[in-house]
Amino acid sequence: MSQLQVRFFTENAKYKVDDVPFSIPAASQVQDLSNIINKLLEAKHTGHSNVEFDFLVRGNFLRTSLVNHMEAEGISTEEVVEIEYVQRFMAPQPEECIMHDDWISSVDTESEWILTGSYDKTARIWTQEGKAVMTVAGHTDVVKDVAWVKRDGVTSLLLTSSMDQTAILWEWNVERNKLKARHCCRGHAGSVDSIAVSPNQTKFCSGSWDKMLKIWSAVPTDKEDELEEQRDRPRKKQKTEQMGLTRTPIMTLSGHIEAVSSVLWSDNEEVCSASWDHTIRLWDVETGNMKSTLTGSKVFNCISYSPLCRRLASGSTDRHVRLWDPRSKDGSLVLLSLTSHTGWVTAVRWSPSNEQQLISGSLDCVVKLWDTRSCKAPLYDMAAHEDKVLCVDWREDGVRAQHANRLANFVYINLSILLKETFSVQFPYALWTILDCG
Amino acid sequence: MVKFLGSSRTPAAFLHGDIRNTVGNVPMEWYQDYPHIGYDLEGKKIFKPIRNKDELDEFLDKMENPDYWRTVHDKMTSTDIRLTDEQISLVHRLQSGQFGDVNFNEYEPYIDFFSGETMIHPVTNRPQDKRSFIPSLIEKEKVSKMVHAIKMGWIKPRKPKESDLQFYDLWAKEDPNAILGRHKMHVPAPKMKLPGHEESYNPPPEYLLTEEERLAWEQQDPEDRKLSFLPQKFSCLRSVPAYSRFIHERFERCLDLYLCPRQRKMRVNVDPEDLIPKLPKPRDLQPFPTIQSLIYRGHSSLVRCISLSPSGQWLASGSDDCTVRLWEVSTGRCMKTVEVGGAVRSIVWNPNPAICLVAVCFNETVVLLNPYLADKLVYNATDQLIASYVEPEEERPQPVQWQVPEIEDSDKGFRLIITHPKSVKQVTWHSKGDYLASVLSDNSNMQVLIHQVSKRRSQNPFRKNKGLVQCVSFHPIRPYFFVASQRCVRVYNLIKQELMKKLMANCKWISSMAIHPGGDNVICGSYDSRLSWFDLDLSTKPYKVLRHHKKALRGVAFHKNYPLFASGSDDGSVIVCHGMVYNDLLQNPLIVPVKVLKGHTLTHNLGVLDVAFHPTQPWVFSSGADATIRLFT
């Protein structure tokens, strides 16, 4: 049995071992290495409890035996191998299941509340325990996307967009549990499939099936914008139908030649949109010009941007999650392809606090948790859903973290939405707990 | 002798003015009694020299003159000549029978001048005679005489000799460069097997048969035996007996040589790959649908027809469960279900993006349905358009009945109901979205009707029944109309009202038809599992017939933008083909089957009933008898 010279190191001071080379069997698996570290730690500190570790060889997670991994990566087995170890990311567990009457099209989380949009033409606000707090009814068609704008004391602003070609800005008084439609944003000529609020919470952007992106003000006012169209309709009828004051877009960004499927703000001045025309476009909101185009080969369903690692993740109909560098000007735009899903990737979301983690949901009913350091396979598959996953989101949860594990910094709850075929069955969406003990 | 001597001396005597014999070679006795002998040039007598020698003098001379023996009397000139030593030796040599010339060597090596060798130089240097190159007149005369005689028939040609044996060159006509030339067709005689160890008189023990092997060998038929003899061991070569089978083996060998087929087998060594026409690899023809992505579930019976909205956001489907369902393409969500009064035979979305209408046909009716799935402005405008119809003053007789639906139907979205006299099996829109054609399943002269929605008028364009019409289609650009009957597709010009072309499909029963968006190519699916591609510019025969399906084809479709077409069949598969049509008229369309898509389960021996392409993406939808619609991307 061949032996390899390795040296272990870690960032976590608590689990430091002596910096000496060890000779270990070449065929060691992750579990063997983990046992070695635990033995070393036991010898060092009495009262050490067993901890599962994961191992990184030159920035990539070890998933096979050590010698196979090094062969695959082309690392020489002659020298001393530097192996970093981190505490293993625990498998996420289904925590809650919130039942809906109909398909859930979108979800957005805030520290305390969860907002979901549904195909029954309403949006709902839930507590994080899964208790329905409020039903947002007002749209005349399916709610396609929802977003929290901001929380200002006892009032929260939230946005819903719908297939009825409008987005509505709502004001929710948390204390009195009163909801009021403040503005009805009209202007799109197709279903508004995606909305995103700017980081400074003063504007939002909407992407629609009519190939347009529109930038709107997210600040509620009492002034009504004049709408030129629909003059021929009886004014009275229009008034009764309308929810809140009409608002018109600040700016319209056109350039996509197919439906816009997803929009987001990468910073206060830049909007990024993914479309069915196989492109991701970056727009300058100040000037309204298109900055650059990332071209793929298939329809993009969703994009997500992480300000931590400054990368875009896209999910497309060819079943891959791709990572892009939106700022690179050279030809190689795709940094990584994450391939494991067997259906269209309908939702991706970067972790808000960990620059290496993202989750993706797909029509194959599986939510996958990825680490960019192990791009060959996902860290975990979350397969509790029985139908297509349409949206996923992360949430920071400080309270839960404290009594789950004192040393845990964050607990993330992943909300992914279950879809069911028949209407009689309640539609659950699941809350997953992921304990990151970094 | 005398003459010889005299002639040899003559020039000298003449020069010195000697008396010369002028009488010639006559006997000298004639001049015995004369004092002269001959005459000189002046005619004077030449007198004999005075002969003063008598017998005595002669004798004295004989006795005293030592040269007497070599002195001879020349009768011609009557002088005495003393012979020189050379002359004497010459006389001696002649007397002894030798050659006169001293220097002559009679034994010299023989030079054979007239040998067989051809000399490079002529023997003589004489120039050629003139006569050798001037035609002879005499010969000419002779020839002309013979020619005249031949002409006159006096000379008959010689009878040709009859040879009794005819020979010819057997190989005269053989091409020396032929691949199968005699010299190349040599087949060597089969080689004899070389002797092995078992033939040895002292074979290694492993070659000797054991008792059982020997018994088995004896029981075998002589033809089946591996060895024709039993290996035997002898102590020395001397003790080997005569080989009893020698004559037999020689005879067998002779038979082998004699009966060996000396004919080369003409085996064609063609790589089967070479016979397949060179087609590009499907990999290079992307994008095309490759995998099933979504299943639209909800219908409870077989889904006969599907249609995509012009924007590509919505999908309409009609089923035998008497419902029309409207689906969101991207999620597979059924947005609306509309109950209709019968099994839906055909459903078509209006191709004009400014009009939101779906034509649905069931039983005897065609319903124009507003699904309210588009821009609000568009569907409201559509409602207004239909409501703004003004009744014409004079009522025309119509083959069908146009109705505005009742309130409850109107709430379902019905906008117009066209009631036909017989059941309708297909509807199709014109690309402008105003005209609508319907096909009646009736074998009469009213099988095809064309309706104009804005004027609510219908007409029967064909007076005569030309076979059972299967399906019809409008040309995407020009005012042409395609009518597929069981065996052929007729192309009519609607403006000139005449038959333009008749495409013979070479199949038993056409089931479906699709027109290329360019308008110059048509595909037809048939119930005998063929798909025929017609190039209208090329011929009325199919340019290509594809027989990839195992069972009857039910639906064919062209993609609007991508060079793709698809066919769905009862065997449950959808076959997607790359069908590139070039603008260059000289280049024929390139047709490459790229993908077989499977997913539908067979129900009542029916598989896929309809196929449709997404208007903008390379996606294909198929509806099946298993009550599902599947999206392949």
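## Salt bridges within chain A and overall

Glu82(A) and Arg7(A) form a salt bridge, with their closest N and O atoms 3.4 Å apart. This pair connects distant parts of the chain: Glu82(A) belongs to strand β5 (residues 81-87) of chain A, while Arg7(A) lies in strand β1 (residues 3-9) of chain A. The two residues are 75 residues apart. The model discussed here is predicted.

Over all chains, the count comes to 26 salt bridges. Side chains of opposite charge can pair when their charged atoms come close.

## The interface between chains A and B

At the interface, 26 residues of chain A are in contact with 27 residues of chain B. The area buried between chain A and chain B is about 2,300 Å², and 54% of it falls on carbon and sulfur atoms. Three tryptophans, Trp209(A), Trp276(A) and Trp344(A), supply 25% of the area that chain A buries against chain B. No other three residues supply more of that area.

Polar pairing is also present at the interface. Between chain A and chain B, 12 residue pairs are in polar contact, with both residues at pLDDT 80 or more. The count of salt bridges between the two chains is 1. In that category, the side chains of Lys144(A) and Glu328(B) meet at 2.5 Å, N to O. On the side of chain A that touches chain B, the residues divide into 12 nonpolar, 10 charged and 4 polar.

## The sheet β27-β28-β29-β30 of chain B

In chain B, 4 strands form an open sheet with antiparallel pairing, in the order β27-β28-β29-β30. Strands β27 (553-558) and β30 (590-598) of chain B stand at the edges; each has a single partner strand, so one side of each is left without a neighbour in the sheet. On average, neighbouring strands of this sheet are turned by 20° against each other, direction ignored.

The pairing at one edge can be followed to individual residues. Strand β29 (residues 573-580) of chain B pairs with β30(B) in the antiparallel sense over 8 bridges. Gly579(B) has Ile591(B) in β30(B) as its bridge partner.

## The sheet β5-β33-β32-β31 of chain B

A further open sheet of chain B has 4 strands in the order β5-β33-β32-β31, and its pairing is antiparallel. Its edges are taken by β5 (292-297) and β31 (608-613) of chain B, each with a single partner strand, so one side of each is left without a neighbour in the sheet. Here too, neighbouring strands are turned by 20° against each other on average, direction ignored.

At the β31(B) edge, 5 bridges join this strand to β32 (residues 620-624) of chain B, and the two strands run antiparallel. Ala612(B) stands opposite Phe621(B) in β32(B).

## Backbone geometry in loops

Most residues other than glycine have a negative phi, and most peptide bonds are trans. Two sites depart from these patterns, one in each chain. In chain B, the peptide bond from Gln286(B) to Pro287(B) is cis, with omega near 5°. Pro287(B) is placed in the loop between α7 (272-275) and β5 of chain B; β5 of chain B is also an edge strand of the sheet β5-β33-β32-β31.

In chain A, Asn177(A) has a positive phi of about 55°, although this residue is not a glycine. Asn177(A) is found in the loop between β13 (166-173) and β14 (178-186) of chain A.

Key
Residues numbered from 1 in each chain as written. Chains lettered and ligands numbered in written order. Predicted model: local features only at pLDDT ≥ 70, side-chain atom pairs only at ≥ 80, totals over all residues. Heavy atoms only, no water. Contact = heavy atoms within 4.5 Å. Buried area = accessible area lost by both parts, 1.4 Å probe. Salt bridge = Lys/Arg side-chain N within 4 Å of Asp/Glu carboxyl O. Polar contact = N/O pair within 3.5 Å; in protein donor to acceptor, adjacent residues only side chain to side chain. Nonpolar A, V, L, I, M, F, W, Y, C, P; charged D, E, K, R; others polar. Pairing = 2+ DSSP bridges. Axes fitted to C-alpha atoms, helices over the stretch in contact; angles between N-to-C directions.
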